[in-house]
Amino acid sequence: MQSSARLEENVGPVPHRSVLAAETLSLLEPSLGATAVDLTLGAGGHAEQLLEAVGPTGRVFGIDRDPEAIAHATARLLRFGNRFVALRGDHRDLVALLHGAGVFVVEAIVADLGISSLQLDDPRRGFSFRFDGPLDMRMDPTSGPSAADLLATMSEAELKDILRTYGEERMAGPIARAVVRERARRPLVRTHQLSEVVARAAGPAARRYRIHPATRTFQALRIAVNREVEGLEGLVADAVSLLRRGGRLAVISFHSLEDRAVKTSLRAMAERCVCPPGLPVCGCGREDLVRILTPRPVTPSPEEVESNPRSRSARLRAAERL
Ligand SMILES: C[S@@+](CC[C@H](N)C(=O)[O-])C[C@H]1O[C@@H](n2cnc3c(N)ncnc32)[C@H](O)[C@@H]1O
């Protein structure tokens, strides 16, 4: 059974607050003068914390594929001058992005996966059914198909599969059928159009939901549009490859599929050596690459969940480069 993903739609607009901020910083422990990377810059909260921690001689590189996040965080972090560098792009290209900026080894890397409140609370972006807007949902609005494009082209079976896998939606079948029926009448291009179709398809069963009936559909579509789960294991491996010995990586995920990919990837790098226990030096040539710092994922305190309900499904995992 998958754990519940971040169901952002159940709460009203809230200013973006960095999730598990103190826990992340204490696991990363960046030293004064260090170079650190934020793979998911967003509103710049975690990057700001890192900039403060690395002090006047340290540097932070922040990656985001959303031009609006880059602009927002750059304005927020202006006071740090050239100690902060924003890099626009997909973090799955992090090695190329950092090499392009002349960075080859770093001490701390953070990734806070998923969507930011800046994106979720902006009606023009189409991430939320709380506002009527275009069904876009692209984190990078300049590339790839939008949610409306996916809804127009996916088969009923594909749509059902996405709703099940990424949304854990029990009514995936009826919702997929209703979408296909609706799009034969008129194109599905607005958030409210979709949420109404979903609410009708979910029917009376949806009244038992604690959340709006369209919550899981919107989450699933967002994950599919942005291919959020693809390439996560490679991302973790690439991040580790950039760390110096003793450097640390922290990843916050919000969906059980993301958390599983992060866990699997870290484990594979922590359990490479096949030498018998007790050998003074590794003889198999497959030394472990990392030491896991979080045998169990760190989760937000009840106080954090109370003050920021969007944090409730967060899972933080961290590892140190050996
Ligand atoms: C949860 S927010 C990060 C918030 C940030 N940690 C803070 O404290 O303000 C996630 C950000 O990562 C970005 N993002 C998600 N997937 C990405 C990817 N594959 N490449 C680059 N940026 C990505 C999103 O655009 C979003 O701005």
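Helices H8 and H9 are oblique to each other, because their axes cross at roughly 130 degrees and an angle between 115 and 145 degrees counts as oblique. The model is predicted. Besides this helix pair, the briefing covers the internal cavities, of which a search of the whole structure finds five of 30 Å³ or more.

**Packing of H8 and H9**

- Helix H8 spans residues 172-185 and helix H9 spans residues 191-202, and their axes come within 9 Å.
- The crossing of the two helices, H8 and H9, is right-handed.
- On the H8 side, the contact is made by Pro174, Ile175, Ala178, Val179 and Glu182.
- These residues meet Leu194, Val197, Val198, Arg200 and Ala201 in H9.
- By class, eight nonpolar and two charged residues form the contact of H8 with H9, and no polar residue takes part.

**Largest cavity**

- The volume of the largest cavity is about 410 Å³.
- Its lining comprises 35 residues, and those closest to the cavity centre are Thr40, His91, Asp112, Leu113 and Gly114.
- Three elements give two or more residues to this lining: helix H2 (45-54), strand S2 (59-64) and helix H11 (232-242).
- The lining of the largest cavity has 14 polar, eleven nonpolar and ten charged residues.

Note on methods. Residues are numbered from 1 along each chain as its sequence is written. This is a predicted model: local features need pLDDT of at least 70, side-chain atom pairs count only at pLDDT 80 or more; totals for chains, interfaces and linings use all residues. Side-chain values use heavy atoms; hydrogens and water are left out. On a 1 Å grid over the protein atoms alone, a cavity is a set of points where a 1.4 Å probe fits but cannot get out, and a pocket is an open set with protein on both sides within 12 Å along at least five of seven lines; lining residues have an atom within 4 Å of a point. Grid points are joined across faces, edges and corners, and a volume is the space filled by probe spheres set on the points. Helices (H or I, at least four residues) and strands (E, at least two) are DSSP runs, numbered from the N terminus. Ala, Val, Leu, Ile, Met, Phe, Trp, Tyr, Cys and Pro count as nonpolar, Asp, Glu, Lys and Arg as charged, and the others, Gly among them, as polar. Axes are lines fitted to C-alpha atoms, for helices over the stretch in contact, and angles run from 0 to 180 degrees between N-to-C directions. Angles under 35 degrees count as roughly parallel, over 145 as roughly antiparallel, 65 to 115 as roughly perpendicular and the rest as oblique. A crossing is left-handed if the near helix is turned anticlockwise from the far one by less than a right angle, and right-handed if clockwise. Contact means heavy atoms within 4.5 Å.
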